[in-house]
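Got the viewer open? Load the model, switch to cartoon, and keep the selection box handy.

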Amino acid sequence: MTSLVRHTTIDCADAYRLASFWAQVLGGTLADDDLPGDPEATVTAAGGALLFVTVPDAKAGKNRVHLDLQPQDRSRDEEVERLLALGATLVADHRRADGTGWATLADIEGNEFCVERSAAERAG
């Protein structure tokens, strides 16, 4: 028997606040027992679960691991705009004139993630 990834854990300053942001990003839900001020919060969404854990250390430097998001019902550029409206910030724009590439964003605590082209854009 091998192991499986139960969830990806992200250290943060405010577990509930950051989990709420990611629940909106992923169209997921917070666990029923997660409340503001809790030291941990879990988001369950299609594709897996994210566990946010409040730690005393501030984020320092670039992430060693990050999420790559692929929009399911909109274009990459539409998804970037939606995420910016939720409070994300644009870190680096790797989108090319021919439609390829990706955008690197940061969540509300500065954790980087990328938005790739949708499956429809890749096929088109």
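What follows is a walk from the whole chain down to single residues.

**Stop 1: the whole chain**

Bear in mind that this is a predicted model. Zoom out and colour by secondary structure: you should find three helices and eight strands. Following the cartoon from the N terminus, the elements go β-α-β-β-β-β-α-β-β-β-α. The radius of gyration is 15 Å, close to the 14 Å that the globule rule gives for 124 residues, so the chain is as compact as a globular protein of that length. Draw a box along the principal axes and the C-alpha atoms fill roughly 45 × 35 × 30 Å.

Now switch on the surface. About 7,600 Å² is accessible, and 52% of that belongs to carbon and sulfur atoms. Of the 124 residues, 34% count as buried. Colour by charge next: the chain carries 12 positive and 21 negative charges, and the mean positions of the two sets lie 7 Å apart. If you like contact maps, take the contacts between residues at least 6 apart in sequence: 51% of them join residues at least 24 apart.

**Stop 2: helix 1**

Select residues 15-26, which make up helix 1. These twelve residues reach 16 Å from first C-alpha to last, close to the 16 Å expected at 1.5 Å a residue. Show side chains and pick out the buried ones: Ala15, Leu18, Ala19, Ser20, Phe21, Trp22, Ala23 and Val25. While you turn the view, remember that an α-helix has 3.6 residues a turn, so residues three or four places apart point the same way. Just past the end of helix 1, click on Gly27, where phi is positive at about 65°.

**Stop 3: Ala19**

Go back into helix 1 and centre on Ala19. What does Ala19 touch beyond its neighbours within four places in sequence? Show Leu30, Ala41, Val43 and Phe52, which are its contacts there. Ala19 is buried, with a relative accessible area of 0%. Try the distance tool on Val43: its C-alpha sits 6.2 Å from that of Ala19, though 24 residues separate the two along the chain.

**Stop 4: Gly37**

Next, select Gly37, in the loop between strand 2 (29-30) and strand 3 (40-45). Is Gly37 buried or exposed? With a relative accessible area of 68%, Gly37 is exposed. A line from the C-alpha of Gly37 to that of Ala15 spans 7.7 Å, and these residues are 22 apart along the chain.

**Stop 5: Arg76 and Gln70**

Move on to helix 2, residues 76-86, and select Arg76. This arginine counts as buried because its relative accessibility is 4%, which falls under the 20% cut-off. Leaving out neighbours within four places in sequence, Arg76 is in contact with Pro71, Arg95, Gly99, Thr100, Gly101, Trp102, Val115, Glu116, Arg117 and Glu121.

Finish on Gln70, in the loop between strand 5 (67-69) and helix 2. At 33% relative accessibility, Gln70 counts as partly exposed. Show what Gln70 touches, again skipping residues up to four places away: Glu116, Arg117, Ser118, Ala119 and Arg122. Glu116 and Arg117 appear in the contact list of Arg76 and in that of Gln70, so keep both on screen. For one last distance, pick Asp93: Gln70 and Asp93 are 23 residues apart in sequence, and their C-alpha atoms are 16 Å apart in space.

Definitions and conventions:
Residues are numbered from 1 along each chain as its sequence is written. This is a predicted model: local features need pLDDT of at least 70, side-chain atom pairs count only at pLDDT 80 or more; totals for chains, interfaces and linings use all residues. Side-chain values use heavy atoms; hydrogens and water are left out. Helices (H or I, at least four residues) and strands (E, at least two) are DSSP runs, numbered from the N terminus. The expected span of a helix is 1.5 Å times one less than its number of residues. Buried means under 20% relative accessible area, exposed over 50%, partly exposed in between (1.4 Å probe, protein chains only). The radius of gyration is taken over C-alpha atoms; the globule rule is 2.2 Å times the number of residues to the power 0.38. Contact means heavy atoms within 4.5 Å. Accessible areas come from the Shrake-Rupley method with a 1.4 Å probe; for residues, only the protein chains shown count as cover. Lys and Arg count as positive and Asp and Glu as negative; His and the chain ends are not counted. The place of a charge is taken as NZ of Lys, CZ of Arg, CG of Asp or CD of Glu.
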